[in-house]
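Open the structure in your viewer and keep the selection tool at hand. The stops below go from one chain to the contact between two.

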Protein chains: 2
Amino acid sequence: MGKKIDVTELILRDAHQSLTATRISLEDMAAACAEIDKAGYWSVECWGGATFDACIRFLNEDPWERLRNFRKLMPNSRLQMLLRGQNLLGYRHYEDTVVDRFVEKAAENGIDVFRIFDALNDIRNLQRAVTAVRRTGKHAQGAICYTISPLHTIDGFVEVARKLVDLGCDSICIKDMAALLKPQPAYDLVKAIKAECGKSVRVQVHVHATTGVTMVSLMKAIEAGADGVDTAVSALSLGPGHNPTESLVEMLDGTGYETSLDRKRLLKIKRHFNNVRARYKEFLSNITGVDTEIFQSQIPGGMLSNMENQLKQQKAADKMDAVLAEVPKVREDAGYPPLVTPTSQIVGTQAVFNVLMGRYKVMTGEFADLMLGYYGETIGPRKKEVIDQAVKQTGKPLITCRPADLLKPEWQELREAALALPGCNGSDEDVLTAAMFPHVASKFFSTRAEGPKNLGTDPEQAAPPAQEAGKGPSPVRTPITYDVRFGGNTHRITITPA
Amino acid sequence: MGKKIDVTELILRDAHQSLTATRISLEDMAAACAEIDKAGYWSVECWGGATFDACIRFLNEDPWERLRNFRKLMPNSRLQMLLRGQNLLGYRHYEDTVVDRFVEKAAENGIDVFRIFDALNDIRNLQRAVTAVRRTGKHAQGAICYTISPLHTIDGFVEVARKLVDLGCDSICIKDMAALLKPQPAYDLVKAIKAECGKSVRVQVHVHATTGVTMVSLMKAIEAGADGVDTAVSALSLGPGHNPTESLVEMLDGTGYETSLDRKRLLKIKRHFNNVRARYKEFLSNITGVDTEIFQSQIPGGMLSNMENQLKQQKAADKMDAVLAEVPKVREDAGYPPLVTPTSQIVGTQAVFNVLMGRYKVMTGEFADLMLGYYGETIGPRKKEVIDQAVKQTGKPLITCRPADLLKPEWQELREAALALPGCNGSDEDVLTAAMFPHVASKFFSTRAEGPKNLGTDPEQAAPPAQEAGKGPSPVRTPITYDVRFGGNTHRITITPA
């Protein structure tokens, strides 16, 4: 018997977010949940910002209802979510009592494991959420955003890990969104965290597959003592997604490490999502291979295409080389933030502005906020002249406190705003939905009663997965209502448990 | 400075064979050759059975001329070919003097490294070719076909390696066509070969990417002392192809191992083949993900679809499960041959026959030959009753000698047959072409004068690579004639060096 390696399955959240633009409806996931529930995972990631947003923006599906359904469909699993610290699932900082309320409600509706991160690795932005999770008795996992820059070192990351443990996190996650974590740093980082924080501190490694090196990084992390890794069943893996779960199982054969995963169940899950994948071809990422250019450019693929689009809109596509050269300068001036959402967009857009209009002649509001400390502390010092320029352009002061300390209690206000929206059901969940996505929620509340949409389309030649799923016992345990478009008409169909 | 790991680039042979049905014309490879030549590879694989066959079958391109062009385009590189032992590039055993002649001509036209293998790992089928290569002074690399079965063990493979070294091979290749080589066996096998044969014996590892574990296997093989590995530039990598060259370079960062490869040149090669790939969309493998089912089924993907087709043609698609259960039995009865070309087809077809007509009631000629020893010795004993059945059905005796020992000198006969073909130029090269692919060569000789065809088609929106190539200095150093179809007419165009 080898050492057990825990696996977190990503196919219900990050995998389809990375590969099918987060468009997969609960309907297309439900039939696989019974197998996922019994396959032997440590946890099942199934909730986060983009899935929440896509539910109300594209799928007319209540994300809280989705969560409750997952809870019923996978009674034996630890359900996991990704939480952006003080941002929750939205795009600004929320006041502390809103953070508390969100965590309570998420736990109540079914979340067992909260993976919490901040784009700048500013611990103060995670503090309140971690405390809130601990109060619910659920698992608080503190995540470190991995990046590379002249200032990011193994020692620096270990210091972040130390702080997360001191904060009371139940485990540490190394979160590598851009597939930058190479095998040797993966080994060194896990070893160093274990040495500094103690062997009993659980370390989980989350990597994407984009650069083609991270399956090896998982192996080296495991050799260094990592307790768990994140993967996605092969049907939705690789490219900008993650390493395949089945390959992880096979990779460990004979190494002295092993997972608890059941190969036969993984095969069933794969076959289900192969059919689902075929139905979401329209949304499928067209990147299937690897891209290692990021190691030299520091610029993630998504950020690159954003900047290209911005330049095209300004009829300045010929300026791309200048923008590519500007990005590292802007990043340096901003104190080397990791280039992830939202900092990648903030830095990228400012680089475009600098090239088109002169360096820092015009600042975006977001970039000014980043320079002035409103996103939190950066690892490196930010450039004095650019801070002064930001103060001048915005009239806002530089801050050094925890950004959320400046916020006044806002729950009552958020509650009143939500209740004023037609279709709001008055629950705390609805208030939170409206608080995080005010515009989208307003439209969603008014159309919610029409029930979820399924954006998948049946490919020619292939059997629709709905039929396939129908062969086995129905995994649906609560009534679910769907709109089915057929022959030009829309039919309302409600599925109730047998 | 870390230990140098040698890299063999596969993009000009196995990569496009695995991913674009071997259809890429020399025209679409030529512009990248200058960069490949200077990128720092140990060798460049560019010739083999399928590329030879596709040249004359689909591209109206003389494969010997292609080789001579590669030689001129990459004057600083070791050019490498894959040779199927006594089969050369064809589908039967050839008599020894034909083997000698082929090796001489291949060396003369540009090959520096001959990778030689036999589907059954029967050393006697490699012997003559290895001796012939050594006589030319070129590099003879003996390859071990890696497979898994109850009889295949690390010790057994090491014994094959030992025999290859004794035969005079300059290096050993572990050849894993089906991506079955997991990390731990990769480590153990390389370690054991080095221990048995001596550290100075060069070990190269060739793996495909199909199962998603083999990038890790390359890392472990390197840690165990492997001297070189095979990869393909990312534009034509993964799926049934190979691990990406650029990812290998990045993977080794900080590990104490490094390649000599130039990242900037790799990027140029990648960009070139990204354009080329877009032009061969029609032929592109639709497998982009990973498949680990082979670890349980023992059945490679290509073999699976072959059997499915055979059953469909017989209107017996419902028998697939029975056939899947039959394959391991047939493989066992046949002494556990590795399931690679041609044994995978031979075993698969016989399994289909057994299910449709009763076990061994009807044998294919090829399966009977396999049972009777005409392909060579298998690792395990073959089943007595089935051998008797094969004798009865074919009237041929069981043999235990080296199969080629039964062949009479055939060069004169082959020469006369070739010279009788219209369009044969009388060279030894033409005689060898006709000897290996008699039917296809006959047609090719008669149309050769029309010049090569390019089966690529320009994708909408993307600039044709030919134009892209035209921007830099022309890498063409000998006149090349192409047929260009434009506006319904075919134009003969000859490119001469500037």
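This tour of a predicted model takes the barrel first, then the helices on it, then the interface.

**Stop 1: the barrel.** Select the strands of chain B numbered 2 to 9. These eight strands close into a barrel in the order 2-3-4-5-6-7-8-9, with parallel pairing. From one strand to the next, the twist averages 25 degrees.

**Stop 2: one strand pair.** Select residues 6-9 of chain B, which form strand 2, and residues 43-47 of chain B, which form strand 3. The two run parallel and are joined by two bridges. Which residue of strand 3 is the bridge partner of Thr8(B)? Display Ser43(B): that is the partner.

**Stop 3: helices across strands.** Select residues 154-166 of chain B, helix 7. Helix 7 lies across strand 6 (139-145) and strand 7 (171-176) of chain B, at about 160 degrees to strand 6. Next, select residues 214-223 of chain B, helix 9. Helix 9 lies across strand 8 (202-207) and strand 9 (228-231) of chain B, and its angle to strand 8 is about 175 degrees.

**Stop 4: the interface.** Show both chains. Here 30 residues of chain A are in contact with 30 residues of chain B. On the chain A side, the elements giving two or more residues are helix 8 (183-197), helix 9 (214-223), helix 10 (245-251), helix 11 (263-279) and helix 12 (294-297) of chain A. Which helix of chain A gives the most to this side? Select helix 10 of chain A, which gives four residues. Coloured by residue class, the chain A side divides into 12 nonpolar, 12 polar and six charged residues.

Definitions and conventions
Residues are numbered from 1 along each chain as its sequence is written. Chains are lettered from A and ligands numbered from 1 in the order in which they are written. This is a predicted model: local features need pLDDT of at least 70, side-chain atom pairs count only at pLDDT 80 or more; totals for chains, interfaces and linings use all residues. Two strands pair if DSSP finds at least two bridges between them. Axes are lines fitted to C-alpha atoms, for helices over the stretch in contact, and angles run from 0 to 180 degrees between N-to-C directions. Two residues are in contact if their C-beta atoms, placed from the backbone, lie within 7 Å. Ala, Val, Leu, Ile, Met, Phe, Trp, Tyr, Cys and Pro count as nonpolar, Asp, Glu, Lys and Arg as charged, and the others, Gly among them, as polar.
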